[in-house]
Amino acid sequence: MTLTPALIRSTHAAIAPDTVRTPLVRAARLSMQLGFDLYLKLENLQHTNAFKARGALAKLLTLDANQRAAGVIACSAGNHAQGVAYHATRLGIPSVIVMPEGTPFNKVKRTGDFGAEVVLHGTGFDESVAFTLDLAEKRGLTFIHPFDDPVVAAGQGSVALEMLEQNPALDVIVVPVGGGGLIAGMATAAKDMKPGIEIVGAQAEYFDAVKAAFDGTSPHTTGTTLAEGIAVRAPSPTNIEIIRNTVDRIDEASEAEIEDAIFDLLSHEKLVAEGAAGAGLAVLKNHAERYAGKQVGLVVCGGNIDSRMLSTLILRGLVRDGRITRLIFKLDDRPGQLAQIAAIIGEAGANVVEVIHQRMMQSVALKQAELEVVIEARDAGHVEQITDTLREAGFALRIGSEAV
């Protein structure tokens with residue numbers, strides 16, 4: 001079977017009754033910040049909170065009665081696992097999901113909660129998939145690949161059909177890229193509906209195998225990335241060929257840029273997005289001048305980010321914005337100084353979050369103390385006003401990020 005616009009349309013019709021037609025919303029604050037009209041396709045509101053449920057359902061619907069009775073198997077540490085588990089259970093099909101050892105417990109639990117038998121094996125996708133194929137053969141299970149399957153890619157490509165139905169005026173669509181199934185399906189559908197539309201892929205710089213194949217350069221596939229959903233070392237050759245023929249450009253983003261973008265989606269648009277979606281916004285921010293005056297669609301492909309990671313990311317974002325800052329004072333050790341410092345901070349409209357008063361460290365003189373005060377302020381300018389006032393009051397201090 002070949003990935004074609006007709007296959008994508010028929011697949012969309014088949015899966016539509018049991019998938020969410022997710023909204024396409026204009027991102028008002030980000031549009032003002034970036035200088036063009038940005039529309040967000042909220043696949044983080046899809047069943048299992050990611051677009052992968054579309055492709056999983058599409059493949060499950062093609063199985064015959066014997067295949068359904070025998071069951072299916074998939075290899076994934078995240079969104080594909082949950083998509084297969086959710087729809088297989090809903091359709092009464094037994095499912096086995098192989099997940100790499102070390103997969104976060106919440107993802108393992110969530111996949112099991114959807115009714116799948118979870119097997120932990122291997123240290124990464126490449127090692128786990130070989131085990132998965134062996135297990136599929138031993139147990140007579142149908143293997144559902146996360147991206148190297150035209151039916152799966154067709155289900156994922158249905159996102160583009162909806163986006164252009166919801167806003168036919170889109171000039172550009174930006175798509176996060178891992179194994180290439182989503183962008184291959186979306187580009188095929190979008191170019192058929194609107195040949196002049198620009199399709200841009202987004203990858204993490206540490207996992208840029210598709211961009212390297214597209215540009216004819218050597219790939220980077222080492223390190224770790226916040227965008228683990230698109231951290232694919234071996235994308236589908238079939239998808240790469242489609243991408244070469246239908247995609248206009250693939251850009252990449254650094255880890256810091258992806259982190260900033262996730263924080264922007266949360267703080268500006270109140271959307272929880274995972275790293276892959278952050279990569280899409282990051283490349284738009286990096287090249288905003290290219291899109292001036294255009295209507296740009298971005299696939300917020302998933303929202304399954306670890307809660308602890310998200311909480312740390314939020315705090316780091318607040319620090320970068322100057323909204324949380326650590327002030328370090330060197331004081332003469334006498335009563336009343338902490339009260340005076342707190343009063344100045346409070347009168348300036350900031351909030352004291354944490355205080356550490358240290359007398360025993362040998363970095364200060366015997367009759368001195370070091371005081372660390374973490375404050376919450378409006379922004380970096382507000383912090384500067386507060387530190388100026390404190391220095392005028394006679395306090396020697398530095399901001400935590402400054403050198404000693």
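Here are some notes on this predicted model, covering its cores, one sheet and one helix.

1. Ground rules. Local features need pLDDT of at least 70 and side-chain atom pairs count only at pLDDT 80 or more, while totals for chains, interfaces and linings use all residues. Numbering starts from 1 along each chain as its sequence is written, and side-chain values use heavy atoms, with hydrogens and water left out.

2. Main core. The largest nonpolar core (buried Ala, Val, Leu, Ile, Met, Phe, Trp, Tyr and Cys joined through side-chain atoms within 4.5 Å; buried is under 20% relative accessible area, 1.4 Å probe, protein chains only) has 75 residues. Leu38, Leu40, Ile173, Val174 and Met186 have the most contacts inside it. Leaving out residues up to four places away in sequence, Ile173 touches (heavy atoms within 4.5 Å) Met163, Met186, Ala190, Ile197, Glu198, Ile199, Val200 and Gly297.

3. Second core. A separate core of 17 residues includes Leu327, Val373, Ala377 and Leu397.

4. Sheet. Four strands (DSSP E runs of at least two residues) make an open, parallel sheet ordered β5-β4-β3-β6; pairing takes at least two DSSP bridges. β5 (117-120) and β6 (142-143) are the edges, each paired on one side only. Four bridges link β4 (residues 95-99) to β5, and Ile97 sits opposite Val118.

5. Helix α15. In this helix (a DSSP H or I run of at least four residues), residues 337-347, Gln337, Ile341, Ile344 and Ile345 are buried. They share one side of α15 because they cover an arc (directions from the helix axis to the C-beta atoms) of only 95°. Ala339 and Glu347, on the face turned away, are exposed (over 50%). The cover over the buried residues includes β11, β12, β13 and α16.
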